[in-house]
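Q: Hello! I am new to this structure and would like a close look at a single part of it, with enough of the surroundings to find my way. Could you walk me through it?

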Amino acid sequence: MKLLTVTNKEAGQRLDKLLAKYLNQAGKGFIYKMIRKKNITLNGKRCDGSEKLEEGDQIRLFLSDETISKFSRTAVQTVKKPEVNVIYEDEQILLVNKPCGMLSQKAEESDESLVEHIIAYLLAEGALTEEDLKTFRPSVCNRLDRNTSGIVIAGKTLGGLQAMSAVLKDRSLHKYYQCVVKGRVETPCRIRGYLRKNEKTNQVSVFKEPVPDSQLIETEYIPLSVGTSFTRLQVTLITGRSHQIRAHLASIGRPILGDPKYGDPAINREIRQKYGVSTQLLHSWKLVMPDQVPEPCAYLAGRSFTAPLPEDFERVAAGEKL
């Protein structure tokens, strides 16, 4: 017999969902058969799998150790030296300043993304155990392009993941970016366009008018500092599409410095030679939580968090008096 006690990490999900994670090598038919035969019980009583779990609930698996071992396997991809620059952490969430060059989530099975670094960090800190990973795996709630730095939100519990995902989905959580663009931009503006993505090349195009398979985009920017040749902008996404900031600014003749896909090759060479910069100067700088945040993260309402700018960004800003 195996006893599972629901922790705050797993609370809020259906029993059958948790069992599918724990017995991840078993089919759904096997799990529901064990439930029907009362070989799996919840708080000592018959269950049907649809029950929503609360912290402290007890799940008993009246199965042999051999059966549990056969159907419950956890592959933990370890990172020897976790690279996690923590901005804020509590029991529910973790805010990390992602560096340029790191994926937010895996694109291929062999990838080592921010998620793997976060899991390794939490294991090392004792905030997570390998046993926990059988029923809950921390993950990120928002994603940044590989070469975009800045704030990424991760859920340390299912409740934290769900609460942050909810305020991201309804766009009540406000995200502000900083970037350095070509030319002098002296007035704030909200721009509109239509974005179409080429899935094969993972590149987007922006049009002034609708075209087949395009989506409306809106981007707002405010100049923070205007130099001789470049401008530092604060950018807000009104809509959130793939590569939106990079492609939208490039489409109006204001490409982001260092951007390999949508940038100006001549300017990219210039800043590489002058400042040693080989990545795009786009940074997810600030988050402002809404006035109402769902439980269990209601205590975060109204709070704001900022991520320090990367060294490359600061070096260019200083050199260009931005």
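A: Happy to. Let us begin with the whole chain: its accessible surface comes to about 16100 Å², and carbon and sulfur atoms hold 46% of that area. Please keep in mind that this is a predicted model. The chain has 322 residues, and 47% of them count as buried. Its C-alpha trace spans about 75 × 40 × 40 Å along the principal axes. You will find eight helices and 14 strands along the way. Among contacts with a separation of 6 or more, 65% join residues that are 24 or more positions apart.

The part I suggest for a close look is strand S7, at residues 149-155. This strand is mostly covered, with seven of its seven residues buried. Several other strands pair with S7, so let us take them in turn.

Start with S5, which runs antiparallel to S7 and is joined to it by six bridges. Here Leu95 stands opposite Ile153 in S7. Leu95 also leads you on to another strand, for Leu95 in S5 is the bridge partner of Tyr88. That second pairing links strand S4 (residues 86-89) with S5 (residues 93-98) through three bridges, again in the antiparallel sense. S4 and S5 make a hairpin, and three residues lie between them.

Back at S7, look for strand S6, a short entry at residues 139-140, which is antiparallel to S7 and shares two bridges with it. In this pairing Val140 faces Ala154 of S7.

The pairing of S7 with S13 is parallel and has two bridges. There, Ser149 has His283 in S13 as its bridge partner.

From S13 you can step back along the chain to Val277, in the loop between helix H7 (265-275) and strand S13 (282-288). Because its relative accessibility is 1%, below the 20% cut-off, Val277 counts as buried. Beyond its neighbours within four places in sequence, Val277 touches Asn268, Ile271 and Arg272, as well as Asp312, Arg315 and Val316. Val316 sits 39 residues away from Val277 along the chain, yet their C-alpha atoms are separated by 8.2 Å.

For another buried residue, turn to Tyr221 in strand S11 (residues 215-226). Its relative accessible area is 9%, so Tyr221 is buried. Leaving out neighbours within four places in sequence, its contacts include Val185, Thr187, Pro188, Cys189, Leu233 and Ile252. Cys189 is 32 residues from Tyr221 in sequence, while their C-alpha atoms are 5.6 Å apart.

For a contrast, visit Leu3 in strand S1 (residues 2-5). With a relative accessible area of 36%, which lies between the 20% and 50% cut-offs, Leu3 is therefore partly exposed. Together with Met1 and Phe62, Leu3 forms a nonpolar patch on the surface, with about 290 Å² of accessible area in total.

One note from a record rounds off the tour: an unreviewed UniProt entry places the feature "domain: RNA-binding S4" at residues 13-73. In the model, that stretch is 39% helix and 11% strand, and its end C-alpha atoms are 20 Å apart.

Note on methods:
Residues numbered from 1 in each chain as written. Predicted model: local features only at pLDDT ≥ 70, side-chain atom pairs only at ≥ 80, totals over all residues. Heavy atoms only, no water. Helix = DSSP H or I, 4+ residues; strand = E, 2+ residues; numbered from the N terminus. Buried < 20%, exposed > 50% of the residue type's maximum accessible area, 1.4 Å probe, protein only. Contact = heavy atoms within 4.5 Å. UniProt positions renumbered as here; feature names shortened; annotations may be inferred. Pairing = 2+ DSSP bridges. Patch = residues over 30% accessible without salt bridge, like charges linked within 9 Å, V, L, I, M, F, W, Y side chains within 5 Å. Areas by Shrake-Rupley, 256 points an atom, 1.4 Å probe, with all protein chains shown as cover. Salt bridge = Lys/Arg side-chain N within 4 Å of Asp/Glu carboxyl O.
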